[in-house]
Amino acid sequence: MEGVSDYLFGLIPNHTVDTVGVARWLVCKNYWGTLWHVVSFSDGFPDRGRGIPYFYLTKYDITVRNIEKDPKVAFAVSELGLGPVSGRDPQDPTVTKLTMTGKLKKLDRNSAEGKFALSVLEAKYPGMKKWPADHDFEPYKLEDIKDLFLLFETGGPVHVPVKEYLRYPKKMAE
C-alpha cells in the first residue's frame with residue numbers, strides 16, 4: 001500500500017485511521033529526532049512509551065544554550081529513523097513524520113522524574129553510562145506540549161489532539 005512503508009504497516013497494523021496511535025508509535029519506536037540537530041531520546045522503557053520525550057544533553061550542546069534564552073522548541077521524528085524505507089527520500093511526502101512543540105526543561109537528576117528519565121535513556125542507550133563526565137550531561141524533557149503535527153500518508157497534515165496523545169491507552173507493542 002502506498003503512503004506508509006511496509007515496515008510501518010508490518011509493525012502497527014490498523015493504524016491507518018488511528019493517527020493518535022501512529023504519533024505515539026513513532027515516538028515510542030524511534031531512536032533519534034531533531035531539535036536544532038539530531039538528538040537521541042526515549043519516551044519510556046522499550047514498548048512501554050509514555051509519549052513524553054526525554055533527552056540527555058550536554059552543556060556544550062547548542063540546544064541547551066538556546067533554551068537558556070527561550071525554552072520553546074519543536075521536536076521532530078520521522079519514520080526514516082526506524083530503518084530503511086524502500087529507498088525513499090526524507091522529503092518524500094509519503095514518509096510519516098511528527099512534529100511536537102513544547103518547552104524543553106532540565107530535570108533534577110536526583111528527583112523521581114530525573115531518575116526515571118535517566119533509567120529509560122540508559123535502557124535504550126546503554127553506552128550513555130560511558131559518556132564523558134566532564135561534559136556535564138543532564139536529563140531534559142519535552143513538557144507543556146502544545147501541538148502535534150502529523151504528516152501521514154498522502155492525505156496531508158493532521159493535527160493530533162495533545163490530550164488524546166498523552167492518554168493513549170494502547171501498549172506500543174500491540
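User: Which residues are linked with Lys-103 in a network of salt bridges?
Analyst: In this predicted model, local features need pLDDT (the predictor's confidence in each residue, from 0 to 100) of at least 70, side-chain atom pairs count only at pLDDT 80 or more, and totals for chains, interfaces and linings use all residues. Residues are numbered from 1 along each chain as its sequence is written, and side-chain values use heavy atoms, with hydrogens and water left out. A salt bridge places a side-chain nitrogen of Lys or Arg within 4 Å of a carboxyl oxygen of Asp or Glu; Lys-103 meets Asp-144 at 4.0 Å, and Lys-146 meets Asp-144 at 3.2 Å. The network therefore links Lys-103 with Asp-144 and Lys-146.

User: Is Lys-146 buried or exposed?
Analyst: Buried means under 20% relative accessible area, exposed over 50%, and partly exposed in between (1.4 Å probe, protein chains only). Lys-146 has 55% relative accessibility, so Lys-146 counts as exposed.

User: How many residues apart are Arg-109 and Glu-138?
Analyst: The side chains of Arg-109 and Glu-138 form a salt bridge at 3.3 Å, N to O. Arg-109 lies in the loop between E6 and H4, whereas Glu-138 lies in strand E7 (helices, H or I, of at least four residues and strands, E, of at least two are DSSP runs, numbered from the N terminus), and the pair is 29 residues apart.

User: Which helix has the lowest confidence in the protein chain?
Analyst: The protein chain averages a pLDDT of 84. Where pLDDT is low, the predicted coordinates should not be read in detail. Confidence is highest in helix H4, at a mean of 97, and lowest, at 41, in helix H1.
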